[in-house]
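Colleague: Please take a close look at one part of this model for me, the end of the chain, and then connect that part to the rest. I work at the bench, so please spell out each cut-off when you use a term.

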Amino acid sequence: MATLGQSLTVPQTGWRRFSFDDSAIGYIGSWTKDSSIKANYEFTDNKSMMSTVVGDTLTFSFTGTKLLIKAYANTDTSGFSMKIDGQSVGNIKTNYSVIRTAVVYESTSLSLGLHTVVVTVLDKTLFTGSILTRLFLDCIDIDTEGDLMAYVTPVGSTIPGPDIGWRRYNAPHPMVSLAGTWIQLSGANNYNNTYTASNTQGDSYSFSFKGTRVRLIAYSSSAAPVTTNSAQVIIDGKDIGLVSFRTAETVYQALLYEKQGLADTNHTIQIINKASGSYLILDAIDVDIDGRLTHRDEVFDVKDLTVGKRIRCNYIAAPNAVGSFSRLGVETAAFLPSASTSTPSGDFYWIMVEDRNGQKRLIADRNLQAYISWDTLNAAGIASGSGLPISILNNTSYMENNNLPVGFITAASSSYSTSYDAWTTFSKGSENDGSGWNSSYSISTGWLSYEFPEPRRIIGYSLMPRYRAASPDVNHISQMAKSWTFEGLNGNQWVVLDTQQGHIWTQGQKKGFTFENINSYTKYRINITDNGSPTYGIAIGRMELLEAAYTNWAFTTRLISGGTSSADKENEWDRYIVGSTLNGTITAGDNSVWNAFNGGNGFYTWTSTTSVSSTTRNRRGGGTLIVHNEQSTSYSDINCNFRPVLLIDSSLTPINLYLFEDGSDIKSYANGAWEIVGSAPVTKDMYETSGMTDLSLLTDDSLKSLTSNTPILHYWTNTESPSKQLKVSCIPPAKLVLATGDIHCRYTAGIDSFTLTAEQFGGGIVKVIASADGGSSWKTYENNTWQLIDVTNLPEVRSSGMLPTDFNKVPSERWADLILTEEGIAGRVRFGYYLEIEGANDKASTDTLVSRVNMSGKWVAAAHGVVYDYEYPSNCTLRVLLYADGTYKINY
């Protein structure tokens, strides 16, 4: 039996071990998966599950009679309460003052059978010496014959937060459509203290979501007036049937319905109250961690956009500056508010309003940014009729834990603990739980890096301080990077791509940064030169590395046109926002679609149109959609808003450019010669001025004239999915292939012929030579006789070897001349083949060799006991033992 506090790095005899990240374990609350690479911590497979929130729970079931639990056991942990089969086993401490994992619970006297265990995180104050509320679970040991059983959350049970692998949306929610008479209510026991309800028969709610599974969460009771016992469920137009949402007892945040196993695509679900006088209630919706609620007209790819469809996008900007657009078709953050701010960081929809000659025209469904002047927009190129070409950025730097995805590697100059390792800054988990990288204390400089398995062209990044929404920590702001460089690794040299100085941060603020970069690097880092306050070290909550997406489409953004006056209707604002139904998908002028005003309060939008002077421009919106307002181009306040138009052109011509890195020189091949265009690393200007467009112009001699034995080919393309394969046509040198074994002819009376099947096409050459002495000497048949040939002299073999047609015509008597020994006995022969081609389309090959011979010999009786022996192991078995090589036949 183990001892509490014992290390126990391997299971005891008669036990088997499971990590706490096993899929059979169900988690509720703010649990995170952690990977520790510190061997002295002794985590099983370097994996663990962690929570710092009192009340978080986990549940698992197992078969057997024994249970042991290990956890990280230093003073910065607290403990947990535990129930087995509904019976409390008390509070279990994890603080054993050791900097490693340890046994914290063991029982060897459970009844044989299935057991269910519930673990609940407890506060540090309940355990003497604990300095932090934290549970850091390592592994579970059970009987060798036992097993963990897949945990299934029962319908009707309380789920106060999404299980691991799920994400939750609070109700009411703008993506949920309510049909009928619904009321919004509040209650401390409900998720985020709100829920929505209707007790009218026929009322319904519906929503769309992307993913493979969905859960409906709501308050439930056994009382007939409180909860409906007849809810009709319709998924993707298919009637699933009637479901009762009543439970045996009152349950808040209850799991009332769950559907799994759906295709990973967009689905629509509708719930209809079929009972009279009973409430249909919705508190929250859970979907896959990688899924999300969607709009009924939402698409996820540019190619699927048609008039009336919409696609999600993210926008981040600094005050009075045009920001960056990223994550097209992906949910990145909460939606930007209708009343926009000066520092936006959130999502919105592009709504497609027209397809004009193959060009898709879209308008943002809301104002993205306030306190921005028309002059600022004009200086950025946004206000002109031609607009500003932009790149849509995509984050490719997510991490699930320290080891996933495979091949992606994070590192840092230092880490305060494994809970704040480098990978946490790139986590797919919540941005608002205080997680992220934290360096060692008392330093203000350091670095954080991300390495891809293959080179990527990063052209932007975003940063966010560590942020705990439930209890914001001012230290997180002072710890955040203030000045830094962003760099890419070229060989062993870091190349500075972007430099930032003197940034000031606020709680939960995310900032985006873009820069020119034509090169692809495998590894990138942020190198912090100052964080303002070294006391608690450097901390970064989230970081995203951004590359261009949809590179086979051309994106241009500009301001919407607004008309010179109220009488001028020939403009985009009146045509699309005021007057269009978008092919019947919306009601014309619907403010719930365009978010142009709020209860009569204006959200003016800058347009590109002027009516008075060159120093003013029209704004539209205000208290109603039709309002015109003239304002100075330099003015910026809450009613000076940026709502862009996006033009998407699919006629982008593919461009592929090539350059060679030869030592420290970058070279281009043109007019039959190499030209040095600059020094490594390759730059955008080098591609634009000297990039090669046709590699077929390269010759063998031109490649051999490069100085380096390992030249590097650099490749730039504007296509979205560039080919990662390079087809090289090479001409192999002439080759003489000599057989290593003989064809034995001692049991033949003579050779009629040898026939070789070979193929020679174009400039292909096949020649044949022969050897009758095991390869010591080689001969060719020429002028009716066998002539010696030097196999070390390939030109001689090429000129004097036998063509396959000549080889096949060698007469029988000449084979006898070659193969017969002095005693007149046929010996042995082997062949060699010379192969050569001059061009890539030539062919020189051999296929089959057929010999035609006259067999000789006779059968003689073998001497029993000398040449062979035999026995009968059974009545039906004859066993013969042969003492010498040869050919035998057995008569029996």
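Modeller: Y892 is found in the segment after β63, where strands (E, at least two residues) and helices (H or I, at least four residues) are DSSP runs numbered from the N terminus. This is a predicted model, in which local features need pLDDT of at least 70 and side-chain atom pairs count only at pLDDT 80 or more, while totals for chains, interfaces and linings use all residues. Residues are numbered from 1 along each chain as its sequence is written, and side-chain values use heavy atoms, with hydrogens and water left out.

With a relative accessible area of 84%, Y892 is exposed; on this scale buried means under 20%, exposed means over 50% and partly exposed lies in between, with a 1.4 Å probe and protein chains only. Y892 belongs to a nonpolar patch on the surface, together with Y870, Y872, L878, V880, L882, Y888 and I890. The accessible area of these residues together is about 860 Å², computed by the Shrake-Rupley method with a 1.4 Å probe, and for residues only the protein chains shown count as cover. A patch takes residues with over 30% relative accessible area and no salt bridge; nonpolar side chains (Val, Leu, Ile, Met, Phe, Trp, Tyr) are joined within 5 Å, and like charges within 9 Å. The salt bridge in that rule is a side-chain nitrogen of Lys or Arg within 4 Å of a carboxyl oxygen of Asp or Glu. At least two residues of the patch come from each of β62 (868–874) and β63 (877–882), and β63 gives the most, with three. In a regular strand the side chains alternate between the two faces of the sheet.

Now for the chain around this patch. Nine helices and 63 strands make up the secondary structure of the protein chain. Its radius of gyration is 39 Å, well over the 29 Å that the globule rule gives for 892 residues, so the protein chain is more spread out than a compact globule; the radius is taken over C-alpha atoms, and the rule is 2.2 Å times the number of residues to the power 0.38. The C-alpha trace spans about 115 × 85 × 60 Å along its principal axes. About 41,200 Å² of the protein chain is exposed, and carbon and sulfur atoms supply 49% of that area, while buried residues make up 48% of the 892 residues. Of the contacts between residues at least 6 apart in sequence, 73% join residues at least 24 apart, a contact being heavy atoms within 4.5 Å.

For a setting opposite to that of Y892, consider strand β49 (residues 644–649), which is largely enclosed by the rest of the structure because five of its six residues are buried. Two strands count as paired if DSSP finds at least two bridges between them. Strand β30 (residues 359–364) pairs with β49 in the antiparallel sense over five bridges, and Q359 has D649 as its bridge partner in β49. Strand β43 (residues 554–559) also runs antiparallel to β49, joined to it by six bridges, with P644 of β49 as the bridge partner of L559.

V287, in strand β24 (residues 284–288), is another buried example, with a relative accessible area of 0%. The C-alpha atoms of V287 and V214 are separated by 4.6 Å, although the two residues are 73 apart along the chain. Leaving aside residues up to four places away in sequence, V287 touches several others, including W166, F209, V214 and L293.

The backbone has some details that deserve a careful look as well. Most residues other than glycine have a negative phi, and most peptide bonds are trans. N192, which is not a glycine, has a positive phi of about 55°, and N193, likewise not a glycine, has one of about 65°. N192 lies in the loop between β15 (183–186) and β16 (194–198), as does N193; N192 is partly exposed at 49% relative accessibility, and N193 is partly exposed at 40%. The peptide bond from A171 to P172 is cis, with omega near 0°, and P172 sits in the loop between β13 (166–170) and β14 (177–179). Another cis peptide bond joins A680 and P681, with omega about 5°, in which P681 lies in the loop between β52 (673–679) and α5 (684–690).
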